[in-house]
Amino acid sequence: MRYIAVFALLTACALADESYYSFSKSVGSGGGLSYSVTGEGRITAVRVWELYSNYIYGFQIRYGALWSPVVGYVSGEPNEIELFEGERIIQVSGKYGHYIQSLIFATNKGRSLHVGQSSGNSFNMYPTHPDAELRFLSGRVSGPPTALQAHWAVLDTDSSENN
């Protein structure tokens with residue numbers, strides 16, 4: 001009888017509403033050290049450096065007014081998108097080979113940041129919940145980023161840290 005109850009509970013969980021948290025499958029070669037870029041509140045800007053219009057050299061995310069440490073390297077002027085009030089990142093796409101070749105950050109307001117060379121294997125990351133947004137990125141880095149994974153969640157709108 002317990003097995004039936006456990007099976008019923010697992011089935012109910014599987015059929016329940018989508019989770020408020022999801023993550024996208026990691027892409028890239030995955031060499032090097034692991035990283036995780038997190039912060040408090042909503043993402044308000046993204047900076048990306050590319051090497052000679054070839055591959056992603058480094059990136060940085062701003063939460064509220066605070067910038068995260070750079071993942072990879074800084075070289076020259078960054079490509080940057082600053083999000084408007086109520087704007088959130090709802091899709092991360094691009095290409096990868098040995099390194100992350102290109103990145104596209106798309107927002108719920110129809111704006112996007114395109115950086116890097118459009119060659120290699122394609123990827124497209126997005127949340128499973130319609131109200132979720134990009135909360136943090138993780139992956140691996142060996143000089144430049146070699147792997148990328150997006151983590152999505154619905155931001156608690158009752159939080160006083162809503163930026």
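**Reasoning from values to terms in a predicted model**

Colleague: What makes Arg111 count as lying over the face of Phe84?
Modeller: In this predicted model, Arg111 is placed 4.0 Å from the ring centre of Phe84 and lies over its face. A charge sits over a ring when the charged atom is within 6 Å of the ring centre and within 35 degrees of the ring normal, and the 4.0 Å for Arg111 fits the distance part of that rule. Arg47 stands over the face of Trp67 in a like manner, at 3.8 Å from the ring centre.

Colleague: Arg111 is also listed beside Ile81, so to speak; which residues does Ile81 contact, leaving aside its neighbours within four places in sequence?
Modeller: Those contacts are Thr44, Ala45, Val46, Thr107, Arg111, Ser112 and Leu113. Ile81 itself belongs to strand β8, which covers residues 79–82.

Colleague: Why is Ile81 called buried?
Modeller: Its relative accessible area is 7%, and the term buried applies under 20%, so Ile81 qualifies.

Colleague: How do you know whether Ser102 is buried or exposed?
Modeller: Ser102, in strand β10 (residues 100–107), has a relative accessible area of 7%; because the limit for buried is under 20%, Ser102 is counted as buried. Beyond the residues up to four places away in sequence, Ser102 touches several others, including Ile56, Val115 and Phe123.

Colleague: What makes the approach of Ser102 to Lys95 a polar contact?
Modeller: A polar atom of the Ser102 side chain lies 3.1 Å from the backbone nitrogen of Lys95, and the distance limit for such a contact is within 3.5 Å, so the distance part of the rule is met.

Colleague: How many aromatic pairs does a search of the whole structure find?
Modeller: The search finds 5 aromatic pairs. One of them joins Tyr35 and Phe59, with 5.8 Å from centre to centre and 70 degrees between the planes. It links distant parts of the chain, since Tyr35 is in strand β3 and Phe59 in strand β5 (residues 55–63), 24 residues apart.

Colleague: Why is the pair of Tyr35 and Phe59 called edge-to-face?
Modeller: Centres within 6.5 Å make a pair, and planes over 60 degrees apart make it edge-to-face; with 5.8 Å and 70 degrees, Tyr35 and Phe59 therefore earn that name. Both partners are buried, Tyr35 at 11% relative accessibility and Phe59 at 2%.

Colleague: What makes the pair of Tyr55 and Tyr99 stacked?
Modeller: Here the ring centres are 4.8 Å apart and the planes stand at 20 degrees; because planes under 30 degrees apart count as stacked, that is the right word for Tyr55 and Tyr99. This pair also connects distant parts of the chain, with Tyr55 in strand β5 and Tyr99 in the loop between β9 (89–96) and β10, 44 residues apart. Tyr55 is buried, with a relative accessible area of 15%.

Colleague: Why is strand β13 described as largely enclosed by the rest of the structure?
Modeller: Strand β13 spans residues 133–141, and 7 of its 9 residues are buried, so the description follows.

Colleague: How do you know that β13 pairs with strand β3 and with strand β14?
Modeller: Two strands pair if at least two bridges are found between them. Strand β3 (residues 33–37) has 5 bridges to β13 in the antiparallel sense, and β14 (residues 145–153) has 8, also antiparallel, so each case satisfies the rule. Ser36 stands opposite Ser138 in β13, while Leu134 faces Trp152 in β14.

Technical notes: Residues numbered from 1 in each chain as written. Predicted model: local features only at pLDDT ≥ 70, side-chain atom pairs only at ≥ 80, totals over all residues. Heavy atoms only, no water. Helix = DSSP H or I, 4+ residues; strand = E, 2+ residues; numbered from the N terminus. Buried < 20%, exposed > 50% of the residue type's maximum accessible area, 1.4 Å probe, protein only. Polar contact = N/O pair within 3.5 Å; in protein donor to acceptor, adjacent residues only side chain to side chain. Contact = heavy atoms within 4.5 Å. Phe/Tyr/Trp six-rings, centres within 6.5 Å; stacked < 30°, edge-to-face > 60°.
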